[in-house]
Protein chains: 2
Amino acid sequence: MTPRAGGAGPGSRPATIIDVAEAAGVSRQTVTRAMNDMPGIKVATKERVLAAAKELAYRPSRFGRGLVGHTQRTVGLVVDDLMNPYYPQLASAVVSSARDRGWNVILAQTAKAADQYSLIADLAKQADVVIGYPALTDTQAQEVLAGVPFVRIDMGEYTYGGGVEMEVDDAMGDLADHLLERGSQRPVLLDVGLPGFPSARGQSFLTAMADRGVRVPTVTAASKSLSSGVAGGNALLAAHPDVDAIMTFNDIVACGALKALHEAGVDVPGRVRLAGCDGLNLGRFVSPELTTLAVDMNAVAESAVGMALGMYDGEVPLQGVRARVAHHLLVRAST
Amino acid sequence: MTPRAGGAGPGSRPATIIDVAEAAGVSRQTVTRAMNDMPGIKVATKERVLAAAKELAYRPSRFGRGLVGHTQRTVGLVVDDLMNPYYPQLASAVVSSARDRGWNVILAQTAKAADQYSLIADLAKQADVVIGYPALTDTQAQEVLAGVPFVRIDMGEYTYGGGVEMEVDDAMGDLADHLLERGSQRPVLLDVGLPGFPSARGQSFLTAMADRGVRVPTVTAASKSLSSGVAGGNALLAAHPDVDAIMTFNDIVACGALKALHEAGVDVPGRVRLAGCDGLNLGRFVSPELTTLAVDMNAVAESAVGMALGMYDGEVPLQGVRARVAHHLLVRAST
DNA sequence: CTGAAAGCGCTAACAG
DNA sequence: CTGTTAGCGCTTTCAG
């Protein structure tokens, strides 16, 4: 019945420090000293205590411990879906960054959750700070997080909490230069969203090209998925048969477009140059490897974790701080 | 100085239930009732308490809570590296599975850790059960985990704790049939490891083919990485120019081999059929999409989480239990 | 070197 | 409906 995690049979309750103290014939403090490698304990006593602890399968309660020295810190990381290759790169970096600072990471995934509102509310109860991409409005986030320091990644128009922005404009300029230098004359943007409402990064490409005197038509895919990229690629080829370069919303869509190009027998980069965005590792698995606007995820994670921990320590205000991390052009074989 | 997570200035300590009780002019118990939506409290009182709580940026301590009702449960998940596309699929499934049962997941990554021994020791202190792929011997695991229920995924020859096995033999037979039906006469295995020491799944392919009267030569790649797959693919083409089918150690190596085939101008599946193993989503991003021996990660996660939680509840022995999940042939375009 | 006392923040159980 | 009491398991004083 009672949960236990030791060696004896089902039904027995977990051993406490008192059980160990009695078994070893010492006081609780002495058990503490033995378990935590503290000084001021005779070697023989220590061994006796540790033996008793092992015998009873004693494990110090993290709650008892946490209560006394507020030393057990946890960041809650909210991602949409780890199956989307974007998020593991972030999660990996956040976990490393947090670990370097002695924090744990609890992971929450909104995509598969029935009710992400309560998912994040629960997370906020278990974590000391929350980082990530919750699909919540500012108002919702404020309610749900109830004062827990919060850093939104890729904050955009949101304002509640802190944010880490990823800036694409400079790199987009570099990409435009790169494509034009290679002789592109009829580039097309494969954006995601609603036709007529370019994404921020899509608009950035259009602007960069316009600044260079090139007008770029847009084809819009329905979503950020692979299949949507395939469909978008086919639609783009149909609408612009003479296209010679494609900039896509992100690397996933780019992979879809690449598949469409392959199936249509279009050589990349020979006849069409293709670029993605995000700098996913995924881009190295396809042929040709994908040119992309990459962002250093370690820098993003470092920045987000640092900001959140600063908020926790009261050194960074809970509102209004934004960090910025720039994309950079990563030229691979597809352009 | 003191860590805080509320609204007031740096240096103030976090508000406790007592602060709120005093501010609202009620007892602690009433604060508890208000915070936890418990019955037996007048609406007006509740509102007053919640207002005071908000004012003081009060957040109930998870340690105080955890101490009283052992209700806050956490599984520790050990993966090698989230940047490897294999692990996110597992992690995603484990997080979902755990969440369905009301457990949290703390993530630990061994690849980037300086000392994974202490990494896992720390994890075992924060978690009630541990699941994953720790690169630890049985002896090390036993020491480090100190009695925490432990389920190793893809247990193989290890014996400490419980395990979830992934069985590949049946599916490998199906793959052999599939390749032979399509007319393959000179299949080659692209294995990973040391030459002369086939991996379990490599051996399974050799055996399946031998059972069908086909002797399969092996080429061995150095590691399970993409670049190693490229190198292995090139070596394989050099050693067996007339190959007409390749089974690879896993999907990542298969992607590498596919790149090598592409660059060599070898049509897939026209001239060479290519299969991977693991069933990664990644296989759908390349052209042609990769045939693979897939394993249902949700089933693996469900099984591992269920077993670990059963151990925690004392309903499953801490040692010697193994679950099995079978691979299945997933035919896509590359064969 | 060891023990006794006190308290971390919270909630269940029992009064009132 | 509200308050009081007791105790969860641990570590930090402070005495011996």
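Sorted by class, the residues lining the second largest cavity come out as four nonpolar, eight polar and two charged. This cavity has a volume of about 150 Å³. In total, 14 residues line the second largest cavity, and those closest to its centre are A:Arg62, A:Gln72, A:Thr74, B:Arg62 and B:Thr74. Both chains take part in the wall: helix H4 (62–68) and strand E2 (104–109) of chain A, as well as helix H4 (62–68) and strand E2 (104–109) of chain B, each give at least two lining residues. Please keep in mind as you look around that this is a predicted model.

Let us step back to the cavities as a group. The structure holds three cavities of 30 Å³ or more. The largest of them contains about 240 Å³ of space. Which residues would you find closest to its centre? They are A:Pro85, A:Pro88, B:Pro85, B:Pro88 and B:Leu282, out of 18 residues that line the largest cavity. The elements that contribute two or more residues to this lining are helix H5 (86–100) of chain A and helix H5 (86–100) of chain B. By class, the lining of the largest cavity has 13 nonpolar residues and five polar ones, with no charged residues. For the second largest cavity, as you saw, the lining counts are four nonpolar, eight polar and two charged.

Now let us turn to the DNA. There are 26 residues around DNA strand D, and the ones that come nearest are A:Ile17, A:Tyr58, B:Arg33, B:Lys42 and B:Thr45. Of the atoms of DNA strand D that come within 4 Å of the protein, 60% belong to sugar and phosphate. Helix H4, which you met at the second largest cavity, appears here again: helix H2 (28–35) and H4 of chain A, along with helix H2 (28–35) and H4 of chain B, each supply at least two residues of the surface near DNA strand D. This surface is made up of nine nonpolar, eleven polar and six charged residues.

A few individual contacts are worth finding on the model. Which part of DNA strand D does the backbone of A:Ser61 approach? A backbone N or O atom of A:Ser61 lies 2.9 Å from a phosphate oxygen of the strand. A:Gly64 instead has a polar backbone atom 3.3 Å from a base nitrogen of DNA strand D. From chain B, a polar side-chain atom of B:Arg33 is 2.7 Å from a base nitrogen of DNA strand D, and B:Arg33 is also one of the residues that come nearest to this strand.

How values were computed
Residues are numbered from 1 along each chain as its sequence is written. Chains are lettered from A and ligands numbered from 1 in the order in which they are written. This is a predicted model: local features need pLDDT of at least 70, side-chain atom pairs count only at pLDDT 80 or more; totals for chains, interfaces and linings use all residues. Side-chain values use heavy atoms; hydrogens and water are left out. On a 1 Å grid over the protein atoms alone, a cavity is a set of points where a 1.4 Å probe fits but cannot get out, and a pocket is an open set with protein on both sides within 12 Å along at least five of seven lines; lining residues have an atom within 4 Å of a point. Grid points are joined across faces, edges and corners, and a volume is the space filled by probe spheres set on the points. Helices (H or I, at least four residues) and strands (E, at least two) are DSSP runs, numbered from the N terminus. Ala, Val, Leu, Ile, Met, Phe, Trp, Tyr, Cys and Pro count as nonpolar, Asp, Glu, Lys and Arg as charged, and the others, Gly among them, as polar. A residue is near a molecule or strand if one of its heavy atoms lies within 4 Å of it. A polar contact is a pair of N or O atoms within 3.5 Å; within protein, one must be able to donate a hydrogen and the other to accept it, and residues adjacent in sequence count only if both atoms are side-chain atoms.
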